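Open the model in your viewer and keep the sequence panel beside it. The tour goes from one selection to the next and says what is found at each stop.

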Amino acid sequence: MPTNPQVKYDMLKRLRLADYITLSNGFCGVLAVFCAMRQSFFMAHLLIFLGYEFDRFDGIVARYRNECSEMGKQLDSFCDLVSFCVAPAVMVYCAGFNTLADQVILAFFVCSGVARLARFNVAAHLVPKSAHGKALFHEGLPTAYAALLISTAVAVAEWTGYLTDLSPGVTLASDSWLAYHPIMTAMLVLSALMVSKRLKLYLDGAYSIPAVTVIIFAGCWSHSPLPVGNFL
């Protein structure tokens, strides 16, 4: 009876420079989760932002060195799952939004991010590309953009001291365990935008996102110039 010959797959030998940059994104995501669990939301945001920069840079390196591969595509999706789906959800949970209703919404956010990443892997070739091979628009809100919106909001709330007012929240139920925080509606909106087919986002965050981030935290610093050690 014929049998399929055993094929050895040496993962380490197949990894390229772009793949190591991608793994750096996942590493930042894991550290962001740990920081969020320690209530250090500002550092968690910085790590998610750094993960975004690695995620952006790995594509540039892959195209420049012609290192695009199926391995790199799968690594990119799994690292994005950690950095841009799980990490921001953990941030929100550890910030005090941890009722049963909140947990369901956060789980829905992560699942929407997973669906968005899977759709990107399957249908990315259908999106028109520029002469440099870059997509002309995003179909649905990218997980990285959603994660940065969430992590920035939590980090700013921590910096300005508003987080302590938000975490108890205004609830719609007398039982705190079953309570719903109305602000969590924003998570539902972001979840829907990630899986939307109608939304075509032409924004390129390569320069706009870092610029907006600097402006936001410069404003926070002018409002309350706290020592960096307060966020470690």
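Begin by selecting Arg-56 and Glu-53 and showing their side chains, which meet in a salt bridge with N and O 2.8 Å apart. This is a predicted model, and the distances on this tour are read from it.

Both residues sit in helix α3, which covers residues 41-64. Arg-56 and Glu-53 are 3 residues apart, so about one helical turn separates them. An α-helix has 3.6 residues a turn, so residues three or four places apart point the same way. Switch on the surface for this pair. Arg-56 has a relative accessibility of 27% and counts as partly exposed, while Glu-53, at 18%, counts as buried.

**Second stop: Lys-73 and Glu-70**

Select these two residues next. Lys-73 forms a salt bridge with Glu-70, and their closest N and O atoms are 3.3 Å apart. The setting is helix α4 (residues 70-94), where the two are 3 residues apart and thus separated by about one helical turn. Lys-73 is partly exposed, with a relative accessible area of 33%. Glu-70 is also partly exposed, with 47%.

**Third stop: Arg-119 and Glu-139**

How many salt bridges does the structure hold? There are 3, and Arg-119 with Glu-139 makes one of them, the closest N and O atoms being 3.9 Å apart. Here Arg-119 lies in helix α5 and Glu-139 in strand β1 (residues 138-139), so the pair ties together parts that are 20 residues apart in sequence. Glu-139 is partly exposed, its relative accessible area being 21%.

**Fourth stop: Arg-116**

Stay in helix α5, residues 100-123, and select Arg-116. Which side chain of opposite charge is nearest to Arg-116? It is Glu-139, at 7.4 Å. A salt bridge needs the nitrogen and the carboxyl oxygen to be within 4 Å, and Arg-116 has no salt bridge although this residue is buried. Now add Gly-140 to the selection: its backbone oxygen lies 3.5 Å from a polar atom of the Arg-116 side chain.

**Fifth stop: His-181 and Asp-102**

Go to the loop between α7 (163-166) and α8, where His-181 is found. Is His-181 buried or exposed? His-181 is buried, with a relative accessible area of 3%. Show Asp-102 as well, and draw the distance between the two side chains: they make a polar contact at 2.7 Å.

**Sixth stop: helix α6**

Select residues 143-160, which are helix α6. This helix has 18 residues and reaches 26 Å from its first C-alpha to its last, close to the 26 Å expected at 1.5 Å a residue. Of the 18 residues of α6, 15 are buried, so the helix is largely enclosed by the rest of the structure. Step on to Gly-161, which follows α6 and has a positive phi, near 80°.

**Seventh stop: Ala-18 and Arg-65**

Ala-18 lies in helix α2, residues 17-37. Ala-18 is buried, with a relative accessible area of 4%. Select Arg-65 too and join the two C-alpha atoms: they are 8.5 Å apart in space, while the residues are 47 apart in sequence.

**Eighth stop: the annotated stretches**

An unreviewed UniProt entry lists residues 20-37, 136-157, 177-195 and 207-224 under "transmembrane region". Colour residues 20-37 and look at the backbone: this stretch is 100% helix and 0% strand, with its end C-alpha atoms 26 Å apart. Then colour residues 136-157, where the chain is 68% helix and 9% strand and the end C-alpha atoms are 34 Å apart.

**Last stop: the whole chain**

Clear the selection and show the chain as a cartoon. It has 9 helices and 2 strands, and from the N terminus on the elements run α-α-α-α-α-β-α-α-α-β-α. Buried residues make up 44% of the 232 residues.

Finally, colour the chain by pLDDT. The mean is 84, and 84% of the residues reach 70 or more. Which element has the lowest mean pLDDT, and which the highest? Helix α1 (residues 11-14) has the lowest, 66, and helix α8 (residues 185-195) has the highest, 95.

Terms used:
Residues are numbered from 1 along each chain as its sequence is written. Side-chain values use heavy atoms; hydrogens and water are left out. UniProt positions are given in the numbering used here, feature names are shortened, and annotations may be inferred rather than shown by experiment. Helices (H or I, at least four residues) and strands (E, at least two) are DSSP runs, numbered from the N terminus. pLDDT is the predictor's confidence in each residue, from 0 to 100. The expected span of a helix is 1.5 Å times one less than its number of residues. Buried means under 20% relative accessible area, exposed over 50%, partly exposed in between (1.4 Å probe, protein chains only). Lys and Arg count as positive and Asp and Glu as negative; His and the chain ends are not counted. A polar contact is a pair of N or O atoms within 3.5 Å; within protein, one must be able to donate a hydrogen and the other to accept it, and residues adjacent in sequence count only if both atoms are side-chain atoms.
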